[in-house]
Amino acid sequence: MKDKVKEMKKRKASIATLFTVAALAGIGFGNFITVEQAGAKSKDLIDVASNKRPEKVNQNIVKSWRVATATYDIDTQEWTQYDYTDRYKFLDTLSQQEKNSFSDAFVEAMANNSKEGDSMPLVLVNDKKDRVVFLFQRDFGTGKSVKIELVAKQVKQQNQISKNSEGVYSEKEWDVGSIEEK
């Protein structure tokens, strides 16, 4: 078990640099990391990535999202939508344990399913905040569409249930629900 934890930490650390460069360039995301692992505060990363990307890059990303949502026939009106770099807005609503669980599930999903040239994902969150879909395209927005779904299940642990940022007592554990590529 310790070896698995060490391997996961190594993997997260090694992808931090790659992700930061890709996010800043706006060309792709490689593998998921947390903002803290990238060595930036949430708002710093957003200011650099979302607001500083060239307009043409933003247009290509949005075009890629449209293709991916059409590929999976997703009505984005039924979801709260986030640019991947704005995911902190959703993550800040989770307890620290839930953030860790969410990050672990996403890293697990991306470990064998991300490739160089994957476009910046669109993050869709349902109203209950127990289902999150990441949509992106391969080959810098010209390849197949990928859908990664994470689902949360309620976990009841004696005396370990904490308040989330909205003051609600709950604890969720995130798992990979599905991974599709079309």
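## T93 and the loop before α5

T93 is buried in this predicted model, with a relative accessible area of 14%. That value falls under the 20% cut-off, which is why T93 counts as buried. You will find T93 in the loop between α4 (88–91) and α5. Its side chain has a partner in the backbone: the side chain of T93 reaches the backbone oxygen of F90 at 2.6 Å. F90 will come up again below, as a member of an aromatic cluster.

## Helix α5

Follow the chain onward and you come to helix α5, which covers residues 96–111. The helix has 16 residues and spans 22 Å from its first C-alpha to its last, close to the 22 Å expected at 1.5 Å a residue. Which residues of α5 are buried? They are E98, S101, F102, S103, A105, F106, V107, A109 and M110. Two of the names in that list, F102 and F106, also belong to the aromatic cluster.

Beyond the helix, S114 sits in the loop between α5 and β2 (122–125). S114 counts as buried, at 18% relative accessibility. A polar atom of its side chain lies 3.1 Å from the backbone oxygen of M110, and M110 is itself one of the buried residues of α5.

## Aromatic pairs around F134

Now for the rings. Searching the whole structure turns up seven aromatic pairs. One of them joins F102 and F134, with 6.1 Å from centre to centre and 45° between the planes, a tilted arrangement. F102 lies in helix α5 and F134 in strand β3 (residues 131–137), so this pair ties together parts that are 32 residues apart in sequence. Both of these residues, F102 and F134, are buried.

F134 has another partner in F106. Here the ring centres are 4.1 Å apart and the planes meet at 40°, so this pair is tilted. With F106 in helix α5 and F134 in strand β3, the contact ties together parts that are 28 residues apart in sequence. How buried are the two rings' residues? F106 has a relative accessible area of 0%, and F134 is at 1%.

## The wider aromatic cluster

These phenylalanines belong to a single aromatic cluster, made up of Y84, F90, F102, F106, F134 and W174. Y84 has a charged neighbour as well: R87 lies over the face of the Y84 ring, at 4.2 Å from the ring centre.

## Strands β1, β2 and β3

Strand β2 pairs with two others. With β1 (residues 80–83) the pairing is antiparallel over four bridges, and Y82 stands opposite V123 in β2. With β3 the pairing is also antiparallel over four bridges, and here V125 of β2 stands opposite V132 in β3.

In a regular strand, side chains alternate between the two faces of the sheet. Which residues of β2 lie on each side? L122 and L124 are on one side and V123 and V125 on the other, and all of them are buried, leaving both faces of the strand covered.

The hairpin of β2 and β3 has five residues between the strands. Within this hairpin, K129 takes a positive phi near 55°. Past the turn comes β3, the strand that holds F134, which brings us back to the aromatic contacts with F102 and F106.

Notes: Residues numbered from 1 in each chain as written. Predicted model: local features only at pLDDT ≥ 70, side-chain atom pairs only at ≥ 80, totals over all residues. Heavy atoms only, no water. Phe/Tyr/Trp six-rings, centres within 6.5 Å; stacked < 30°, edge-to-face > 60°. Buried < 20%, exposed > 50% of the residue type's maximum accessible area, 1.4 Å probe, protein only. Lys NZ or Arg CZ within 6 Å of the ring centre and 35° of its normal. Polar contact = N/O pair within 3.5 Å; in protein donor to acceptor, adjacent residues only side chain to side chain. Expected span 1.5 Å × (residues − 1). Pairing = 2+ DSSP bridges.
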